[in-house]
Every structure is written in structure tokens, then in C-alpha cells.
Amino acid sequence: MGFRKVDQIELRGKRVFIRVDFNVPLNEKNEITDDTRIVSSLPTIKFVCEAGGKVILASHLGRPKGKRDPKYSLAPVAAKLSRLLGKGALLAPDCIGDEVEKQIEKMKEGEVLLLENLRFHPEEEKNDESFSKALASLCDVYLNDAFGAAHRAHASTEGMTRYLKTVACGFLMMKEIESLEKALVQPQTPYVAILGGAKVSDKIGVIKNLMDKVTTILIGGGMAYTFLKAKGYHVGKSLVEEDQIGLSKKLLEEAKGKIKFLLPTDHVAAQKMDVEAKREIVSNDKIPEGWICLDIGPETIKVFSEEILSAKTIFWNGPMGVFEMEPFSHGTFAIARAIAKSSAFSIVGGGDSVAAVNQAGVGDKIGHISTGGGASLELIEGKKLPGIEALRRNGGEIG
Ligand code: AMP
């Protein structure tokens with residue numbers, strides 16, 4: 001595949017820059033509410049430490065919009081990481097500059113330094129050349145373990161690899177690529193893609209690209225209502241993107257005779273988006289005026305589950321309803337359970353779907369749970385991801 005792995009390179013005494021994805025959710029007290037992303041990168045970090053590398057970790061956190069903002073400091077991550085590693089992970093005052101360089105100079109083999117949020121510099125997202133060079137100058141070896149950021153051509157995911165000879169994949173990145181490529185290169189059919197979530201505009205490109213690759217597309221969540229409206233149904237106050245109706249009609253036409261393209265046939269409709277609101281199970285032609293559909297109904301669950309159970313490859317991204325509210329969570333959990341029951345090779349990506357699979361207690365029955373929502377979608381679509389191409393480009397060279 002043209003990738004070099006972390007265990008194929010000389011690390012002893014080297015300054016090893018690891019681009020990780022520490023973009024963890026924080027509450028209002030700046031406490032980490034889910035440390036999955038930190039835990040997932042531990043195998044690579046520990047491996048480099050044990051191999052005698054000097055570990056320089058870099059990540060973005062939130063959207064500080066190119067300005068230093070204490071709200072988006074990686075300080076809570078440094079504390080959590082120290083606890084998980086069982087040794088101190090020092091936080092640098094910045095991600096480039098004299099201070100950081102001095103700190104790196106003093107590092108000993110096996111020590112860990114976490115650079116401050118890359119996005120405090122607007123140059124990171126602009127993939128700026130001199131910023132990329134400044135990052136590259138901090139290290140001898142570059143590793144990328146941030147699959148969740150691989151669809152972005154930023155300085156730390158793409159730019160800096162141009163100025164380094166030794167570039168390789170971390171264990172997490174490698175596992176993501178290998179698992180997702182299973183669904184890309186000669187996937188076993190029937191291949192069922194399940195797409196949900198709020199907006200059709202976010203996923204219209206994905207749907208179009210997937211049509212050439214899959215046998216069946218199942219649509220749920222808020223995005224289903226733009227399609228149903230495009231088919232002429234009255235959908236009450238359900239989520240509809242009026243400006244996407246034309247495109248949705250085109251997609252429905254394109255799908256005809258090519259693939260199975262299934263929309264929900266019944267719904268959990270409510271008078272308003274509230275757990276206390278009056279609700280009813282309704283079919284497509286009986287959605288009450290002024291009501292809002294917030295989950296797929298039992299008939300849809302049955303039809304979708306049958307498709308899932310007969311699949312050999314499954315890809316799922318996006319909840320089937322407002323699963324954060326119990327009365328509207330049943331569709332999403334039923335789909336999670338159906339995927340777990342199927343003998344197909346399954347991939348689940350995207351924060352909400354991954355949370356649903358874990359909450360349903362079936363995480364261990366999924367072929368691959370991806371840490372990258374957007375990145376896994378783009379890879380499945382057949383797009384080239386800049387962060388991965390950068391690793392491929394450099395894969396053959398030995399620095
Ligand atoms: P996305 O980020 O596009 O994957 O969308 C996820 C969000 O879609 C979740 O927060 C869900 O609550 C929301 N969602 C799912 N189904 C619906 C629906 N029928 N109406 C409104 N929002 C929905």
C-alpha cells in the first residue's frame with residue numbers, strides 16, 4: 001500500500017512528532033467528558049516511548065479561530081494523558097517558537113511533550129508553508145495517528161510532511177485505513193449503506209458517490225424528510241431543506257434501476273420536539289399538519305433490519321432520529337442492534353452512531369468503529385484524503 005508503519009522505523013533518540021486527534025468533548029467546567037480519543041492513541045505513544053523516542057504530541061481542540069483562547073487550551077488533555085500514561089506529559093506554551101524548541105532540546109528518550117493547540121495559529125488550517133516548515137523543524141520523524149483529521153489538508157496533517165524524510169502511520173491510523181479499505185476494495189455484496197443525521201445538504205455528495213459502490217442505501221434521520229417532500233409527501237414541520245429538494249429529486253431518479261434506495265415508510269411524529277409532547281406512529285401519507293417526525297417507525301425498523309441482516313458489508317453514519325431524547329431513540333438503537341446481529345463486515349463512523357452502538361452495548365460486535373466521522377465518510381466515498389495521501393507519498397522513502 002506504500003505506507004510505512006511506526007514499528008518499521010528507527011526511533012531511538014529521535015524527536016518524534018505525533019499528530020494525534022485530541023479534539024475531545026469538554027463540559028462548561030473544561031472537564032473532559034469522553035477520553036476515547038486520548039485512549040485510542042495510547043498504543044502509538046507508548047510504543048514510541050518504549051522504543052526510546054522523544055514524543056512530541058500535537059493536536060487541535062475545538063474551533064479557536066486562529067487565536068489563543070484559554071477555553072481551548074490542551075491543559076486538561078495534558079493532565080488526563082499524564083494520568084493514563086502514568087507519567088508526566090508536559091504542556092508546551094505554544095506549538096512553535098523558541099520556547100518550544102528549548103523544551104524539546106532538553107527532552108530525554110521516552111519523555112512526552114504536548115504542544116499547545118495547533119489552531120491557535122490561523123496558519124494551521126491554511127496549510128501555510130512557513131508554519132509547516134516551523135513544525136517540521138521540531139522533529140526528525142513524523143507520525144500521523146489522527147485519522148479524524150485526515151480529510152483536512154492542514155499544516156500538521158499535510159503541509160509539514162513535505163519537509164520531512166521519515167513519515168509513517170501510527171497504529172490507530174493504520175487500523176482505520178486497513179479496515180476501511182476492506183469496504184472499499186472489492187467489498188462483499190450486498191453492500192448496505194445506512195445514512196442518517198440532521199441535514200441532507202451535508203450528505204448529498206456522499207449519497208451520490210455511494211450510488212456507484214453499494215447495493216442498497218437506507219435513509220433515516222432528519223434528512224429523510226427532504227427526500228419525502230421531494231416525493232410529494234406532506235411532512236408537517238419535520239426538518240426540510242427546501243433548497244435541496246431539487247437535488248433530492250434528481251438523486252431519487254438516478255437511484256432508480258441502479259440501487260435500492262429506501263426511505264422510511266413510518267415515523268414517530270410529535271406535536272413538538274419535546275419528550276413530554278403528544279406523539280404517534282404515522283405512515284408517510286398521514287403525517288399530521290404542524291407535527292414533526294423525530295424517529296423512524298416500527299415498520300421502517302423492520303424493513304431496514306431485514307436489509308441489514310442480509311448484507312455482507314455495512315457502512316453506517318448518522319442517527320435515525322433524535323436519539324438524544326429517549327422517546328425518539330428507538331430507531332437508532334434498533335439499527336445498532338440489527339448491525340450487531342448481522343454477520344456482515346460492518347463499519348460505524350460518526351460521533352452519534354458510535355455513541356449509539358456503545359450505548360446499546362454492542363460495540364464489540366461491530367467490525368470496525370471509526371474514530372473519524374467525516375474522514376470515514378470521505379474515504380468510503382472513494383475520495384483521496386490529504387492526510388493519508390501525504391503518508392502514502394512519503395511511504396517509500398527511508399529518512
Ligand atoms: P449529523 O451531525 O448530521 O449526523 O446529525 C446528528 C443530529 O441529527 C442528531 O443530533 C440528531 O438529534 C439529529 N436528528 C436525527 N433525526 C432527526 C430528525 N428526524 N429531526 C431532527 N433532527 C434529527
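Student: By class, how many nonpolar, polar and charged residues does the lining of the largest pocket have?

Tutor: Keep in mind that this is a predicted model. The largest pocket has a volume of about 1,100 Å³, and 35 residues line it, with Arg37, Gly350, Gly351, Thr371 and Gly373 closest to its centre. Gly counts as polar here, so put the glycines in that class when you tally. The split is eight nonpolar, 19 polar and eight charged.

Student: Which element gives the largest share of that lining?

Tutor: Look at the elements that give two or more residues to the lining of the largest pocket: α1 (36-50), α12 (351-359) and α13 (373-380). The largest share is six residues, and it comes from α12.

Student: Okay, on to the ligand. Which pocket does the ligand sit in?

Tutor: Start with its surroundings: 13 residues surround the ligand, and the closest are Ala198, Cys293, Gly321, Glu324 and Asp352. That shell divides into six nonpolar, four polar and three charged residues. As for the site, the ligand sits in the second largest pocket.

Student: What share of the ligand's accessible area does the protein cover?

Tutor: Check the backbone contacts before the area. A ligand oxygen is 2.9 Å from a polar backbone atom of Ala198. Ligand nitrogen shows up at 3.1 Å from a polar backbone atom of Gly222, and a backbone N or O atom of Cys293 lies 3.1 Å from a nitrogen atom of the ligand. Of the 510 Å² of accessible area the ligand has on its own, the protein covers 78%.

Notes: Residues are numbered from 1 along each chain as its sequence is written. This is a predicted model: local features need pLDDT of at least 70, side-chain atom pairs count only at pLDDT 80 or more; totals for chains, interfaces and linings use all residues. Side-chain values use heavy atoms; hydrogens and water are left out. A residue is near a molecule or strand if one of its heavy atoms lies within 4 Å of it. A polar contact is a pair of N or O atoms within 3.5 Å; within protein, one must be able to donate a hydrogen and the other to accept it, and residues adjacent in sequence count only if both atoms are side-chain atoms. Accessible areas come from the Shrake-Rupley method with a 1.4 Å probe; for residues, only the protein chains shown count as cover. On a 1 Å grid over the protein atoms alone, a cavity is a set of points where a 1.4 Å probe fits but cannot get out, and a pocket is an open set with protein on both sides within 12 Å along at least five of seven lines; lining residues have an atom within 4 Å of a point. A molecule sits in a cavity or pocket if more than half of its atoms lie within 2 Å of its grid points. Grid points are joined across faces, edges and corners, and a volume is the space filled by probe spheres set on the points. Helices (H or I, at least four residues) and strands (E, at least two) are DSSP runs, numbered from the N terminus.
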